[in-house]
Structures are given as structure tokens and as C-alpha cells.
Amino acid sequence: MGLSVSVAMCTHNGEAFVERQLESILRSNRVPEQIVVSDDASTDSTRTIVDRVTGRHPSVDVVLLDNQTPLGVTANFEQAIGACKGDVI
């Protein structure tokens with residue numbers, strides 16, 4: 001059995017890009033077992049789009065971390081990585 005793969009993805013008001021980014025990840029030759037999306041207090045529809053897109057791919061474990069208060073880029077990414085369970089991130 002091969003190594004499991006997690007993707008750590010950070011968002012903040014990314015509604016213009018998040019759907020294409022997720023679809024690209026989910027269409028890759030090696031679909032990850034897990035996608036962790038750490039949203040840093042978005043005020044747009046980023047989280048709704050993440051739920052909609054990932055809901056079409058039930059075989060992938062999706063973790064959506066919803067920060068109500070912004071952590072900032074570095075702490076947000078650290079949080080996403082910390083929630084990943086795969087052998088490879």
C-alpha cells in the first residue's frame with residue numbers, strides 16, 4: 001500500500017479562486033485522501049463554495065477549519081498542516 005496524501009489549503013476571501021483550485025486538486029492523477037481547508041475568517045462565500053465542491057467528492061476526507069478571528073498567513077497554514085493526517089502533505 002502506498003503513502004496517504006493530504007493537501008493543506010489556506011483561504012481568506014478566496015471565492016474567486018477556490019472552486020478552480022479544489023477542482024484542480026480533485027482532478028489530479030493522484031487524488032489525495034484528505035484535503036484540509038483552513039479558512040481565515042472569510043467574509044465572502046469561500047466556505048460555502050468549499051462545501052459545495054467537496055460535497056461532490058465523498059471519497060475524499062475534507063476538513064474545513066473555520067477561523068472566526070483571523071490567524072494570519074503563517075498561523076493559518078500551521079493550523080492546516082497540523083490537521084493533516086496523511087503520510088505526505
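This passage walks through a predicted model, starting with its sheet and ending with a few single residues.

The sheet is a good place to begin. Three strands make it up, and they line up in the order 1-2-3 as an open sheet with parallel pairing. Strand 1 and strand 3 (61-67) sit at the edges with a single partner strand each, so one side of each has no neighbour in the sheet. Direction ignored, neighbouring strands are turned against each other by 15 degrees on average.

Looking at the pairs one by one, strand 1 (residues 6-11) runs parallel to strand 2 (residues 34-40), and six bridges hold the pairing. Ser6 has Gln34 as its bridge partner in strand 2, while Thr11 is partnered there by Asp39. On the other side of the pairing scheme, strand 2 and strand 3 also run parallel, this time joined by seven bridges. Asp39 turns up again here, standing opposite Asp66 in strand 3. Asp39 is thus a bridge partner of Thr11 and also faces Asp66.

How does the chain get from strand to strand? From strand 2 it passes through helix 2 to reach strand 3, in a right-handed β-α-β crossover. As for strand 1 and strand 2, they pair in the parallel sense, and the chain goes from one to the other by way of helix 1 (residues 18-26), again in a β-α-β crossover that is right-handed.

Helix 1 comes next. Its buried residues are Val18, Leu22, Glu23, Ile25 and Leu26. Viewed down the helix axis, these fall within an arc of 160 degrees, so they line one face of helix 1. Among the elements that cover them are strand 1, strand 2 and helix 2 (46-55). As for the sheet itself, with its three strands in the order 1-2-3 and strand 1 and strand 3 at its edges, helix 1 packs on it and touches strand 1 and strand 2; the direction of helix 1 makes about 175 degrees with that of strand 1.

Helix 2 has its own set of buried residues, namely Thr46, Ile49, Val50, Val53 and Thr54. They take up an arc of only 115 degrees around the axis, so they lie on the same side of helix 2. Turned away from that buried side is a face carrying the exposed residues Thr48 and Gly55. The buried residues of helix 2 pack against strand 1, helix 1, strand 2 and strand 3.

Next, the cysteines. The count of disulfides comes to zero. Cys10 is in none, and the nearest cysteine sulfur, which belongs to Cys84, is 9.2 Å away; a disulfide would need the two sulfur atoms within 2.5 Å. With a relative accessibility of 30%, Cys10 counts as partly exposed. Seen from the other end, Cys84 is likewise in no disulfide, its nearest cysteine sulfur being that of Cys10 at 9.2 Å. Cys84 has 11% relative accessibility and so counts as buried, the cut-off for that being under 20%.

Two single residues round things off. Ser38 is found in strand 2, and at 0% relative accessibility it counts as buried. Leaving aside neighbours within four places in sequence, Ser38 is in contact with Met9, Cys10, Thr11, Leu65, Asn67, Asn76, Gln79 and Ala80. One of these, Ala80, is 42 residues away from Ser38 in sequence, yet their C-alpha atoms are 5.4 Å apart in space.

Thr69 belongs to the loop between strand 3 and helix 3 (73-83). Its relative accessibility is 58%, so Thr69 counts as exposed. Apart from neighbours within four places in sequence, Thr69 is in contact with Asp40 and Ala41. Thr69 and Asp40 are 29 residues apart along the chain, and 7.1 Å separates their C-alpha atoms.

Conventions: Residues numbered from 1 in each chain as written. Predicted model: local features only at pLDDT ≥ 70, side-chain atom pairs only at ≥ 80, totals over all residues. Heavy atoms only, no water. Pairing = 2+ DSSP bridges. Helix = DSSP H or I, 4+ residues; strand = E, 2+ residues; numbered from the N terminus. Right-handed = clockwise from strand over helix to strand, strands pointing away. Buried < 20%, exposed > 50% of the residue type's maximum accessible area, 1.4 Å probe, protein only. Arc of directions from axis to C-beta. Contact = heavy atoms within 4.5 Å. Axes fitted to C-alpha atoms, helices over the stretch in contact; angles between N-to-C directions.
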